[in-house]
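Hi,

Here is the structure I promised to pass along. Have a look at it first, and then read on for what turned up.

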Amino acid sequence: MDMYAKYEAAGRLLTQHTRTAVLNGRPSITWVDGSRFFYMRQIPGKEGVKRVRVQVDAATGREWAKETYGPLEEVRYEQETGRKLHNKKEERAYSPDRAYALFTEDHNLMLLDRKSKEIIRLTRDGEELNEYGCYVDIYSQITVKRAGQPEAPHVLWSPNGKYFITYRGDRRVCKKLYLLSSYGDSASELRPGLWEYPCPFATDSDEEIPHYTLYVGNVEEKTIRAVDAPDFLYPLFTDEDRSWVRWLDDSSAFYFTWIKRGFQEGRLYLGSPKDGKTKLLVREVTNDFLNLGAFGQVDGYETYLFSNFVTRDRKYAFWQSEKSGYAHLYRFDLEKEEVSLESGTDLFREAGKAEKS
């Protein structure tokens, strides 16, 4: 086998290809109302993998109204972040109604009112390696830089398009990793090139790794403010599909899971888009390890991180924990004055009791 064939064989084992080897590994559930929901099921066939849209009765689990769709489109993801890659690169992040667009200029965040054509500078303290909505995929930075690809700021818009969540990534203190390309991008460019990028190592101190501060913006007031929460010491993702931050359907609040470096403490926050203030809903500390997975399928709820959520009416929070030794989902009553990990209802245990009865 020649060298080219070896590289081609190895390439087939990259994440973007192996993700499709397991069917139904990333179920996407959409609620129609409080009593039923639908999800997409992947079914293999002679013409490739097809998708079937299935409606489910939430009370009984009965399935009906199955609709078959065309072959599954190949979706590519970043190696480090799990962020979905789109074929078309955009320099702007558009609101759901396309009335506003966000883009970066000189490391700062800019807002475009598409109706009036007015451009508003939302921030002024951005600088190199201390940027808003910056590209944070550690392993692809050089590839993107060499290709000169435009990159829209990472933004998570509220459903009503009035607010957005982003972050400022401070990587100024992060040590550099150097790469040497054996030759240039052009066939006639034989001189090697030196590339560098900020790359944290496990042995670096907290002061030497990137800090990501969460921000919430208001397009009508043309403002942006920091969210009242600790910095993330791990890449923060606000892609709609793989976000650590989620909006409630009515855009009245957002919630997010915060994980301490070392994965021995996790918190669930509820935040207000109006002032950036937050309320701590759930906190778990362990001597072992909060299993986040690696954007894969480590359990029935995909990953620890994306199992956590708040209900639309804000009455309950759900949190996945392995405090019993197994991954269980716990429900917390937010109308109580105090919410502790011990006060949560183990839904797996309750389901087991119901089956026995």
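Does Leu-23 count as buried, partly exposed or exposed? This is a predicted model, so please read everything below in that light. Leu-23 has a relative accessibility of 29%, and because partly exposed covers the range between under 20% (buried) and over 50% (exposed), Leu-23 counts as partly exposed.

Where it sits may help you find it on screen: Leu-23 belongs to the loop that runs between α2 (15-18) and β1 (29-31). Leaving aside residues up to four places away in sequence, Leu-23 touches Gln-42, Pro-44 and Val-49. For one of these partners, Pro-44, the separation from Leu-23 is 21 residues in sequence and 8.2 Å in space, taken from C-alpha to C-alpha.

Now to the surface, where two patches came up.

- Positive charge: a surface patch brings together Arg-92, Arg-98, Arg-114 and Lys-117. Arg-92 is in the loop between β6 (84-85) and β7 (93-94), and with 35% relative accessibility Arg-92 counts as partly exposed.
- Nonpolar: Tyr-178, Leu-180 and Leu-194 make up a surface patch whose accessible area together is about 380 Å². Leu-194 is part of strand β15 (residues 193-198). Its relative accessibility is 64%, so Leu-194 counts as exposed.

If you open the model, you could begin with Leu-23 and its contacts to Gln-42, Pro-44 and Val-49, then turn to the patch that holds Arg-92 and the one that holds Leu-194.

Best wishes

Conventions:
Residues numbered from 1 in each chain as written. Predicted model: local features only at pLDDT ≥ 70, side-chain atom pairs only at ≥ 80, totals over all residues. Heavy atoms only, no water. Patch = residues over 30% accessible without salt bridge, like charges linked within 9 Å, V, L, I, M, F, W, Y side chains within 5 Å. Areas by Shrake-Rupley, 256 points an atom, 1.4 Å probe, with all protein chains shown as cover. Salt bridge = Lys/Arg side-chain N within 4 Å of Asp/Glu carboxyl O. Lys, Arg positive; Asp, Glu negative; His and termini not counted. Charge placed at Lys NZ, Arg CZ, Asp CG, Glu CD. Helix = DSSP H or I, 4+ residues; strand = E, 2+ residues; numbered from the N terminus. Buried < 20%, exposed > 50% of the residue type's maximum accessible area, 1.4 Å probe, protein only. Contact = heavy atoms within 4.5 Å.
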